[in-house]
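Please examine the sequence and the structure below, with attention to the aromatic side chains and how their rings are arranged.

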Amino acid sequence: MLEAGTRRRKQPPPPAVVFAALIDPAGDPVRPWLHLLDDEHPPQILEASPGVVVWSSLWERRPDARIRFDLASDGAGGTQLRWTLHVDEPFPDPSLLGHLRKRLNHLVNAELRATFDQ
């Protein structure tokens, strides 16, 4: 698989809390965060081990895509969270690639982060 994008940002809670949110995005009905568009569907968890979560694709147009999350302590009680988007060839055209990256960034670094009141 080819790396199609990555971004690392701090999340306020510790890694165990972020890990739980990633392996069960619908787990807290009071604070939902995985708001999908019409052409998206909930991911399947392909791997979940301390420090790593891998999702199947969210997108009908790119069922081959995989999203890997790497979690590490930030040393101050929070989490350094990196998402990496992997795809098979052919590589997405620039418009689609931009959309996929923007959606992941929004879901993780806006919506998920907002559930932690930050």
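Does F69 count as buried or exposed? In this predicted model, F69 has a relative accessibility of 0% and therefore counts as buried, the cut-off being under 20%.

The surroundings of this residue may be described through its aromatic contacts. A pair of aromatic rings is described by the distance of the centres and the angle of the planes. Under a limit of 6.5 Å between ring centres, the count comes to two aromatic pairs.

One of these pairs joins W33 and W55: the ring centres are 6.1 Å apart and the planes meet at 25°, so the pair is stacked, an angle under 30 degrees being required. The contact links distant parts of the chain, since W33 lies in the loop between α1 (15–23) and β2 (45–49), whereas W55 belongs to strand β3 (residues 52–56), 22 residues apart. W33 counts as buried at 2% relative accessibility, and W55 is likewise buried, with a relative accessible area of 1%.

W55 also pairs with F69. Here the ring centres lie 4.8 Å apart and the planes are at 70°, so the arrangement is edge-to-face, the angle being over 60 degrees. This pair, too, links distant parts of the chain: W55 is in strand β3 and F69 in strand β4 (residues 66–73), 14 residues apart.

Taken together, W33, W55 and F69 form one aromatic cluster.

Key
Residues numbered from 1 in each chain as written. Predicted model: local features only at pLDDT ≥ 70, side-chain atom pairs only at ≥ 80, totals over all residues. Heavy atoms only, no water. Phe/Tyr/Trp six-rings, centres within 6.5 Å; stacked < 30°, edge-to-face > 60°. Helix = DSSP H or I, 4+ residues; strand = E, 2+ residues; numbered from the N terminus. Buried < 20%, exposed > 50% of the residue type's maximum accessible area, 1.4 Å probe, protein only.
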